[in-house]
Structure formats: C-alpha cells, structure tokens
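The following questions and answers introduce selected local features of a structure to a reader who has not met it before.

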Amino acid sequence: MTYVTSGQFQSDLTHALGHALTKEPDEVDPLGAFAEPLRTELRALRELRDRFEDPKLCVLNLGDFCSVPALTDEARDEVLSDWFDGDEEATDFVMTAVDIVNGGGGFYIVVAPDGRMGCVTEDPYGLRMLTCTLEPFLKALVAAHLAVRTEGLKAATQALRTVVDAKTAKLLLTFAERLAPKRRT
C-alpha cells in the first residue's frame, strides 16, 4: 500500500476537487493496534486530514480516526447488546476499527487493524463487510467524486460499484446529487 504515502492520493484529490487543499490544525492519532503498512497508510491519510481542510468526497468528510464505539463512548458489552444483538463477530470488528469516512447521516466506512473494511450504520445499527481494501476504496471514492461532477450520478455509482455493494454505493452518494451536472431540458 503506497497510494496515500506516495502523495498520489493527495494529487488525485486535488484533481477531483478542482482546487488545492487548504491547511487545518492537528488532532490525536489512535492507530497503535494497526500493523504496518496499513498503519503507515492511515497515518499518511491522517496527516493529509490534519494538514488540510477535510476533502469533500461525494459530500463526505474523512473520518476523525477514532474507533467507532469511542464516538459514542460505549463499552464492548453495550455495543454487543445495544448495537448488534449479541453478534460477537460484528462487535469485535467495530471495537477495533477506525472510521476513515463518515457520512454524517449515520454511517461510517471503517478499517480494522487487520485491514478488513466495513460499513457501520446507525439507527438501526448494522454492519456490512466490504470486500475491498483501503487503496482501491480510496481510488474509487476519488473517481466517484470526479465522475459525479463531470458525468453524473450513474457514472459515480459505477465507479463505487467496483469496490462496494449497491447499498453502500447509494449511502456514499446520498448527497452527491448537489455536485452532479444539471441536465438541460
């Protein structure tokens, strides 16, 4: 994994956004449980977030790099019973995962220390595992952002469908219609 650390992700973002990124202050980094090279990529992604205003990707913000239960200050037993009705596997996954994208509308794209990715939803809580890894996900997200601005929602959906299921693609594009080109009537 070298997409973020090589600087290519920042370059792709600048191209997709149509402008240079602007600086922003630092925050805390809880990635100690993550193995290399995933930790290196996440730290580079974090550094990009720390140094620049949150890049808007399909009207999403890069996450705040805190474990998802920590966002709501919940302990494992609460997550097990309140979030996943006794599903130990889902609970173990979200207890160690950090969010890399949060959609504001009650969903988070998360990465676990072993590199697995998932989509956590709230109200009601749910977890869908993603089959992609971080690098293809970030590339598809940037491609979708560029596509929604230049070609429309259908093209953006196709870009995302290379790495996520239809339901997750729809979540990621929830507010993207604001960026889509207007059709002339």
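**Charge and backbone features**

In this predicted model, helix α4 (residues 76–83) supplies the largest share of the negative patch, 3 residues.

Q: Which residues form the negative surface patch?
A: Helix α4 provides 3 residues, the largest share of the patch. The full membership is Asp73, Asp77, Glu78, Asp82, Asp85, Asp87 and Glu89.

Q: Is Glu78 buried or partly exposed?
A: Glu78 is found in helix α4 and belongs to the negative patch. Buried would require under 20% relative accessible area, and exposed over 50%. Because the relative accessible area of Glu78 is 33%, this residue is partly exposed.

Q: What is the phi of Asp85?
A: Asp85 is a member of the negative patch and is placed in the loop between α4 and α5 (88–96). At 72% relative accessibility, Asp85 counts as exposed. Its phi is positive, although Asp85 is a residue other than glycine, with a value near 45°.

Q: Is Asp123 buried or exposed?
A: Asp123 lies in the loop between β4 and β5. This residue is not a glycine, yet has a positive phi of about 55°. The cut-off for exposed is over 50% relative accessible area. With a relative accessible area of 76%, Asp123 is therefore exposed.

Q: Is the peptide bond from Asp123 to Pro124 cis or trans?
A: Pro124 lies in the loop between β4 (117–121) and β5 (126–130). The omega of the bond from Asp123 to Pro124 is near 0°, and the bond is cis.

Conventions:
Residues numbered from 1 in each chain as written. Predicted model: local features only at pLDDT ≥ 70, side-chain atom pairs only at ≥ 80, totals over all residues. Heavy atoms only, no water. Patch = residues over 30% accessible without salt bridge, like charges linked within 9 Å, V, L, I, M, F, W, Y side chains within 5 Å. Areas by Shrake-Rupley, 256 points an atom, 1.4 Å probe, with all protein chains shown as cover. Salt bridge = Lys/Arg side-chain N within 4 Å of Asp/Glu carboxyl O. Lys, Arg positive; Asp, Glu negative; His and termini not counted. Charge placed at Lys NZ, Arg CZ, Asp CG, Glu CD. Helix = DSSP H or I, 4+ residues; strand = E, 2+ residues; numbered from the N terminus. Buried < 20%, exposed > 50% of the residue type's maximum accessible area, 1.4 Å probe, protein only.
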